[in-house]
Amino acid sequence: MNCEDWVYVAEGGMHVLFSYQVTPGHTSYDTKFSGKMLRLRKCDLFHKESHENEGEKYNPVNWYMKNVVAPKIEPFVDLPEVIELTWSFVDQLRKNTIDGGFIPEARLKDWNVGESAASIENSDAIVSAALLRNYALMPPSQSCFAVEFKPKAGYISSSPLVHPQNRGKYRRSRFKILQYLHYHGFITKGWSSSK
């Protein structure tokens, strides 16, 4: 696998996505990666010797999707394939992305630009990543229905220090309260938040 064949697409708070950008006939074209995206955890872009990389391999969300959700909706679920990458591949991919200027300015702080990743010469370190289907490449004639599972913690307060005026916290989690306030227009959320 050649890191030059993967191009930065997008990122979130925890992961970064790369798309396979090689056309058939090119010398490095590999059918296994055609139409695929690579999802890496951002923390894996900066290998630390003390960090035991579990990455996507032992991701509890992947386990939940595979063992709980998938059996219930079997023909409709597209699970990621977990692959292992060498540290040198990940490090070069990180350098190419920073040097290519692909990262939006608002996200540069997450990439620790100016700091170098831990240098591990001839390292045998392995980084787990997820190989996903790139649905943006589907022909317009085909339809796709996507659902994103984003588990949220919903802790309910039980502290006697909660003011009597705020005892609603005993019955509803913070997440549920914020969802209610957003739905009814009391607050806005997201990048365009103005309140």
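How many residues apart are D91 and K95 in helix α2, and about how many helical turns separate them? D91 and K95 are four residues apart in helix α2, so about one helical turn separates them. The legends below take up this pair and other close-ups of a predicted model.

**Figure 1. The whole chain, a predicted model with three helices and five strands.**
Starting at the N terminus, the elements follow the order β-β-β-α-β-α-β-α. The chain has 195 residues, and 28% of them are buried. It exposes about 13900 Å². Carbon and sulfur atoms supply 54% of that area. Take the contacts between residues at least 6 apart in sequence: 61% of them join residues at least 24 apart.

**Figure 2. D91, R94 and K95 form a network of salt bridges.**
Two of its links involve D91. In one, D91 pairs with K95, with the closest N and O atoms 3.2 Å apart. In the other, D91 pairs with R94, and here the closest N and O atoms are 3.3 Å apart. R94 and D91 sit three residues apart in helix α2 (residues 87-99), about one turn of the helix. How accessible is each partner? R94 has 4% relative accessibility and counts as buried. D91 is buried as well, with a relative accessible area of 14%. K95, at 36% relative accessibility, is partly exposed.

**Figure 3. K42 and E11 form a salt bridge.**
The structure holds six salt bridges. In the one between K42 and E11, the closest N and O atoms are 2.6 Å apart. K42 belongs to the loop between β3 (36-41) and α1 (60-69), while E11 belongs to strand β1 (residues 6-11). The two residues are 31 apart in sequence, so their salt bridge ties together separate parts of the chain. Are K42 and E11 buried or exposed? Both are buried.

**Figure 4. The largest nonpolar core has 24 residues.**
W6, F18, L38 and L40 touch the most other members of this core. Which elements each supply at least two of its residues? They are β1, β2 (15-20), β3, β4 (81-86), α2 and β5 (126-133). Helix α2 gives the largest share, four residues. In soluble globular proteins, nonpolar side chains tend to be buried together.

**Figure 5. W6 and its contacts beyond neighbours within four places in sequence.**
W6 is one of the core residues that touch the most other members. Its contacts include M1, F18, S19, Y20 and F33. K36, M37 and L38 are also in contact with W6. So are F89, L93 and L131.

**Figure 6. Strand β3 pairs with β2 and with β5.**
With β2, the pairing is antiparallel and runs over five bridges. Here F18 stands opposite L38 in β3. Both F18 and L38 are among the core residues that touch the most other members. With β5, the pairing is again antiparallel and runs over four bridges. K36 stands opposite R133 in β5. How many of the six residues of β3 are buried? Five are, so β3 is largely enclosed by the rest of the structure.

**Figure 7. T97 is found in helix α2.**
T97 is buried, with a relative accessible area of 3%. Which residues does T97 contact, leaving aside its neighbours within four places in sequence? They are Y8, F18, F102, I103 and W111. F18 also appears on the contact list of W6.

**Figure 8. Two cysteines, C3 and C43, in a structure with zero disulfides.**
A disulfide is a covalent bond between the sulfur atoms of two cysteines. To be counted here, a pair of cysteine sulfur atoms must lie within 2.5 Å. By this rule the count is zero. The two cysteines shown can still be placed by accessibility. C3 is buried, at 8% relative accessibility. C43 is partly exposed, at 43% relative accessibility.

How values were computed:
Residues are numbered from 1 along each chain as its sequence is written. This is a predicted model: local features need pLDDT of at least 70, side-chain atom pairs count only at pLDDT 80 or more; totals for chains, interfaces and linings use all residues. Side-chain values use heavy atoms; hydrogens and water are left out. Buried means under 20% relative accessible area, exposed over 50%, partly exposed in between (1.4 Å probe, protein chains only). Contact means heavy atoms within 4.5 Å. Accessible areas come from the Shrake-Rupley method with a 1.4 Å probe; for residues, only the protein chains shown count as cover. A salt bridge is a side-chain nitrogen of Lys or Arg within 4 Å of a carboxyl oxygen of Asp or Glu. A nonpolar core is a set of buried Ala, Val, Leu, Ile, Met, Phe, Trp, Tyr and Cys residues joined through side-chain atoms within 4.5 Å. Two strands pair if DSSP finds at least two bridges between them.
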